Amino acid sequence: MRAHLTGVAAAILLTVPGATAQTPPPPPAPTLSNPTLAAIWGEGMDRSRVAALAQVLLDSLGPRLTGTPQSKAASDWVVGTYRSWGIDARAEQYGTWRGWRRGITHLDLVAPRVRSLEATMLGYSPGTSGPLTGQVVLIPHLIGPAALTAFLPTVRGKFVMLTAPESSCRPSSSWEEWADSTSLARRKVIADSTRADWVDRARSTGATTVLEVAKMLEDAGAAGVLSSYWSQGWGVDKVFQASTETIPQVQLSCEDYGLIWRLAANGQGPVVRLEAEAELLGDVPVANTIGMIRGREKPDEYVMLSAHFDSWDGGSGATDNGTGTVMMMEVMRILKQVYPNPKRTILVGHWNGEEQGLNGSSAFAADHPEILARLQVLLNQDDGTGGIDRLTMEGLVGPGPYFKKWMDQIPQELDGKVTLVDPGTPGRGGTDNFSFVCNGAPGFGLNSAGWDYGTYTWHTNRDTYDKIGFEELRRNATLAAMLAYLASEEPEKIPLAKRDLPMDNRSDQPGTWPVCGTPDRSFVR
Ligand SMILES: [Zn+2]
């Protein structure tokens, strides 16, 4: 057996896959009569920097949770990178947010057997001071207030499981492919009863939200709470922020959470050892990162590039929204190289606080009415790594024919799959172009093809560098650079009117234009 395994290892070492494969050559440059478009193609497609920028941003600087020192360091890097390219850049503070520094998280199962668990603190969670060992318990099915009063003191010094377990971390697509009808029916019964069991335990505390349960456990002196939020795919979990204020909240993988739950439910006495370092830094300044190439002929009119800069921090924030960030940095680099004296001022907004409610972009829109009033177009990207395939005019009548004209000049290789939706309807706030659209300003989204974004990368622990399609990213950046150039060169300011919106089915009234939210300029729990 030993000899056989050694042989396998040797074979692996000797047959490196792809060692002889050639990198495919870049697609041949299309014939472009406009020399600036041809130069944009050359810079964007032949001398792309997207992979190198993404590697520094995602691997070395890492995720960019609002209010963290890492987010500030990444913004400093963007400013420094722009300046090294000769582009004006600055951080523009719009408020404060709760400051937090993530340190290490180690969670080990130490009884009834040893296993290092896949676990991490949730964002803004308090840490431990040194390693903390404690039993893990479930909230029982409490019957009556007396049962709750008796239960709460028993959690002191223990870890309590706060969220529902999954009966299976195998995606439903796999069950549907492999299970027969009896097995599938049984799986559904088990999944439903597992959920119902947890809801009954949680509700029996008298609380109506998980936040209230967490507060109750915290006040009762629990050592910490454990939770899990499966993203419905193999090995993926969503990682958001803690519900606790004074004790750690650690998120486990779907599999490890299920393991601990079953050990506790079956009376097998799970004990874990947690070491979690975190610093709560109080209120810290938060800023958008802004870059600018000043216009030559119409410096007070603007073409704006837009992508949120902040991320959740379970992974590296690669596709949400490292790809949008790198894409817009690359557009600025290309334009500075080949179009350094634009007709209109080219701005880029790398927004902070998007994940907490579009705070950075809506603060910028509120603080800069002069830019909103003279905005030619804003191009935002925030839905992953796929090739751009949809561009909607957000219910604005007027810009559609201009985009059509521009896209006719852009090579098919870049925009052949793009559907132009004209006029479409205004978005309702999913991402930062909404902060402009709600003001009637021309903020458009460059929407990307799916690439399993919702399940596998959006807000998950697997949103990392390796998930990026760099060919798509390079094409997206080149396309956006061409659109920004053509919008800047357009002789006139694009006319804008809000369309009459279709009837609202619920109210039976004519649809109304979406109303802007107020940015949160400080954190209020
Ligand atoms: Zn996003």
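**Stop 1: where the two domains touch**

Select domain 1 and domain 2 in this predicted model. Contact between them involves 11 residues of domain 1 and 12 residues of domain 2. On the domain 1 side, the touching residues are three nonpolar, five polar and three charged. To colour the two parts, use 32-99 + 283-498 for domain 1 and 113-269 for domain 2, as the domain assignment has them. Now place a marker at the centre of each domain, over C-alpha atoms. The two centres are 38 Å apart.

**Stop 2: the cis bond at Pro112**

Move to Pro112. This residue sits in the loop between E1 and strand E2 (115-116). Check the peptide bond that runs from Ala111 to Pro112. Cis or not cis is settled by omega, which is near 5 degrees: the bond is cis.

**Stop 3: Tyr124**

Next, select Tyr124. Its loop connects E3 and E4. Look at the backbone here: phi is positive, about 65 degrees, although Tyr124 is not a glycine. Is Tyr124 buried or exposed? Tyr124 counts as buried, because it has 25 C-beta neighbours inside 10 Å.

**Stop 4: Ala222**

Go on to Ala222, in the loop between helix H8 (210-219) and E6. Ala222 also counts as buried, because 25 C-beta neighbours lie inside 10 Å; the cut-off for buried is 20 or more. Show what it touches beyond four places in sequence: Val155, Lys158, Phe159, Val160, Leu217 and Ile247. Then draw a distance from the C-alpha of Ala222 to that of Ile494. It reads 60 Å, for two residues 272 apart along the chain.

**Stop 5: helix H9**

Select residues 254-265. This is helix H9, with 12 residues. From first C-alpha to last it reaches 16 Å, close to the 16 Å expected at 1.5 Å a residue.

Which residues of H9 are buried? They are Cys254, Asp256, Tyr257, Ile260, Trp261 and Ala264. Keep the helical repeat in mind while you look. An α-helix has 3.6 residues a turn, so residues three or four places apart point the same way.

Now show the cover over these buried residues. It includes strands E1 (88-111), E3 (119-121) and E4 (132-137). Strands E5 (159-161), E6 (224-227) and E7 (249-252) are also part of it. Finish at Gly267, which follows H9 and has a positive phi near 65 degrees.

**Stop 6: the nonpolar cores**

Hide the rest and show the largest nonpolar core, which has 75 residues. Pick out Val331, Leu335, Ala480, Ala481, Met482 and Ala484: these touch the most other members. Which helix gives this core its largest share? It is H17 (residues 470-489), with 11 residues.

Zoom in on Leu335. Setting aside neighbours within four places in sequence, Leu335 is in contact with Ile293, Pro342, Ile346, Ala481, Ala484 and Tyr485. Another core, of 42 residues, lies apart from the one around Leu335. Its members include Ala119, Leu162, Ala223 and Tyr257. Tyr257 is also one of the buried residues of H9. In soluble globular proteins, nonpolar side chains tend to be buried together.

**Stop 7: Leu358**

Select Leu358, in the loop between strand E10 (344-351) and helix H11 (359-367). Phi is positive here as well, near 55 degrees, in a residue other than glycine. Leu358 counts as buried, because 25 C-beta neighbours lie inside 10 Å.

**Stop 8: the cis bond at Pro423**

Jump to Pro423. Its loop runs between strand E14 (419-421) and helix H15 (434-437). The bond from Asp422 to Pro423 is cis, with omega near 0 degrees.

**Stop 9: strand E15 and its partners**

Last, select residues 443-448, strand E15. Why is E15 described as largely enclosed by the rest of the structure? Because six of its six residues are buried.

Show the side chains. In a regular strand they alternate between the two faces of the sheet. Here Gly443, Gly445 and Asn447 point one way, while Phe444, Leu446 and Ser448 point the other.

Add strand E11 (residues 375-380). It pairs with E15 in the parallel sense over three bridges. Find Leu379, which stands opposite Phe444 of E15. Then add strand E12 (residues 388-392). E12 and E15 pair in the antiparallel sense, also over three bridges. There, Leu391 has Leu446 of E15 as its bridge partner.

Note on methods. Residues are numbered from 1 along each chain as its sequence is written. This is a predicted model: local features need pLDDT of at least 70, side-chain atom pairs count only at pLDDT 80 or more; totals for chains, interfaces and linings use all residues. Helices (H or I, at least four residues) and strands (E, at least two) are DSSP runs, numbered from the N terminus. The expected span of a helix is 1.5 Å times one less than its number of residues. A residue is buried if 20 or more other C-beta atoms lie within 10 Å of its own, exposed if 12 or fewer, and partly exposed in between; C-beta atoms are placed from the backbone. Two residues are in contact if their C-beta atoms, placed from the backbone, lie within 7 Å. Domain bounds come from an automatic or database domain assignment. Ala, Val, Leu, Ile, Met, Phe, Trp, Tyr, Cys and Pro count as nonpolar, Asp, Glu, Lys and Arg as charged, and the others, Gly among them, as polar. A nonpolar core is a set of buried Ala, Val, Leu, Ile, Met, Phe, Trp, Tyr and Cys residues joined through C-beta atoms within 7 Å. Two strands pair if DSSP finds at least two bridges between them.
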